[in-house]
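User: Could you walk me through this structure and explain the words people use for it?

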Amino acid sequence: MFNINDYPFDQEHNHLEIAGEAMNFHCHHYITNLQRTILDATYIDSALFLIGSAADVVYNQLSNLCKGLSVKESKIMAQEIYKIFGYGLIDLQNMNEDGIELETMKSFFSKTWEIKLGQSDKPVDYYTSGFLAAAYAVIYQKDLQEINVVQTTCLACGDDRNTHVVTLGDCNFTIYPPKESIKFKEVEKLKIDWEYEEQVTQAFLNAHVTMVGNEEGFIPAFGVYLIRNQSDYVNRVQFEFEKAMVEVAGEYGSTLAGELLIEAGHACGFFTYGGIMTSKEWKSRVKPYLKSKEDWIKALVSVVNTMGWGYHTTVELSQDKAVFRNYNDFEDLSYMRMYGKSEKPIHWTSSGAFTGLMQLIYNTDLVNGERIETEEGFREMRRSKVGYKTNMTKGLSCGDDFLEVEVYL
Amino acid sequence: MSEKKDIKPIFDWAIEHGDSNIVNRVIMKLLPHFINHNQKLTSDEVSQSTKIEVPSDLYMLVKDMSEKTVGSAYSN
């Protein structure tokens with residue numbers, strides 16, 4: 001019923017949209033690091049926005065995808081996108097007018113939390129709770145604000161399955177106002193100064209449609225688990241967390257949150273980019289073109305331009321300092337759509353990922369074939385005294401024409 | 001006035017044995033306590049300082065949370 005091929009990648013803006021929601025790839029290292037950071041702040045009631053952000057995007061997307069479909073067909077549609085996007089498996093057959101008690105043993109969030117962080121003392125799959133609340137609302141034409149959803153068991157806690165209970169009742173997550181449509185900034189792009197950019201981008205773009213959930217509903221690739229993420233979900237989670245930290249500790253809270261959000265991006269850059277650059281696809285399709293460390297960075301940026309994160313490019317690049325730019329980056333597009341203008345740059349993930357990339361290329365022996373994308377490798381690198389610093393200088397949501405970030409020693 | 005104790009050695013130990021960005025994680029977990037003690041430490045300030053003296057109750061909180069986050073007992 002759902003076919004990813006019906007949604008072509010927008011090569012002009014390096015963007016993928018499915019039924020009103022911008023989509024991009026994220027890896028489990030980023031997602032679990034981000035969620036752990038948020039849950040570390042136990043003095044914030046983060047479940048409100050962890051569930052609410054998911055419910056909001058899924059409600060919007062499923063409302064569009066299920067137009068004209070029967071109840072039965074709508075359930076299949078919801079199950080299919082959940083699986084194809086890499087979140088695991090859900091069976092909505094027993095959902096009815098009163099809700100659902102759903103059990104599953106395939107959950108991206110619970111599985112990868114345990115892989116990366118070990119057992120949790122409380123359930124971690126807030127996304128699926130939000131997804132199910134939204135699916136119920138769309139399929140049975142309920143208001144989100146009359147739905148209660150609770151995860152009662154979790155694989156990450158040592159249970160043998162995840163259980164989510166969706167009922168009519170007091171809403172226990174945040175409901176957000178309608179969003180604006182996505183507005184791109186149309187300016188002339190500074191292209192990547194590398195003659196093989198187009199070949200490398202196209203090689204990976206052609207593989208795009210094959211990166212969908214397998215029989216377990218997971219997308220293992222490049223040594224990580226990927227999800228096709230509704231961009232506004234993960235971005236709203238970041239923005240709401242930073243906002244909550246400001247309420248707790250003012251500008252200091254924002255600074256602290258920003259550093260940890262960049263760290264999550266850093267983990268993404270280290271593990272996913274490391275995985276890509278040691279993959280067989282990279283060795284066969286990209287490595288023959290690489291003559292210098294700068295080529296490695298430009299090639300990786302050419303690949304990342306297929307992930308739905310916008311158009312990345314390099315303005316300045318050396319071991320001591322790099323200036324990266326991104327046209328129509330996914331974080332700023334989300335921010336403007338949901339919140340309008342920002343007084344400060346908010347592209348923590350992109351900036352952290354750029355910093356992770358610099359670390360990988362210049363502070364490890366990856367280019368000579370050493371595999372370093374292990375948890376201990378990451379810790380070792382982050383303990384290094386010669387770590388790169390990150391300075392977010394420009395952002396679309398601040399009124400600039402693009403995102404810009406300096407990464408320097 | 002309560003006794004002051006130096007938390008810099010605890011952070012140095014946590015950096016050596018713990019996860020990446022562990023200083024910010026410990027501060028994040030204890031943020032309301034840091035605010036109550038009018039402390040606005042960042043990881044950069046921690047790395048640039050040689051000594052960070054705080055009241056002994058905050059010292060104990062930092063020690064306990066660092067041990068919990070690292071997953072082993074602090075040893076100087």
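Here is a short conversation about helices, a sheet, domains and chains.

Analyst: First, some ground rules: this is a predicted model, in which local features need pLDDT of at least 70, side-chain atom pairs count only at pLDDT 80 or more, and totals for chains, interfaces and linings use all residues. Residues are numbered from 1 along each chain as its sequence is written, while chains are lettered from A and ligands numbered from 1 in the order in which they are written.

User: Why is helix 2 of chain A called oblique to helix 5 of chain A?

Analyst: Helices here are DSSP runs of H or I with at least four residues, strands are runs of E with at least two, and both are numbered from the N terminus. Helix 2 (residues 47–65) and helix 5 (residues 126–139) of chain A pack at an angle of about 40 degrees, with axes 7 Å apart. Axes are lines fitted to C-alpha atoms, for helices over the stretch in contact, and angles run from 0 to 180 degrees between N-to-C directions. Under 35 degrees counts as roughly parallel, over 145 as roughly antiparallel, 65 to 115 as roughly perpendicular, and the rest as oblique. About 40 degrees falls in the rest, so helix 2 of chain A is oblique to helix 5 of chain A.

User: What makes residues of these two helices count as in contact?

Analyst: Their C-beta atoms, placed from the backbone, must lie within 7 Å. Among those making the contact are A:Leu50 and A:Val58 of helix 2 of chain A, and A:Phe131 and A:Ala134 of helix 5 of chain A. By class, this contact has 16 nonpolar, 5 polar and no charged residues. (Ala, Val, Leu, Ile, Met, Phe, Trp, Tyr, Cys and Pro are nonpolar; Asp, Glu, Lys and Arg are charged; the others, Gly among them, are polar.)

User: How do you know that strand 2 and strand 7 of chain A pair?

Analyst: Pairing needs at least two bridges found by DSSP. Strand 2 (residues 21–27) and strand 7 (residues 224–230) of chain A are joined by 5 bridges and run antiparallel, so they pair. A:Met23 stands opposite A:Gln230 in strand 7 of chain A.

User: Why do strand 1 and strand 6 of chain A stand at the edges?

Analyst: The open sheet has 4 strands in the order 1-2-7-6 in chain A, with antiparallel pairing. Strand 1 (16–18) and strand 6 (219–221) of chain A each have a single partner strand, so one side of each lacks a neighbour in the sheet.

User: Which helix gives chain A the largest share of its side touching chain B?

Analyst: Helix 7 of chain A, with 9 residues. The contact takes 16 residues from chain A and 15 residues from chain B.
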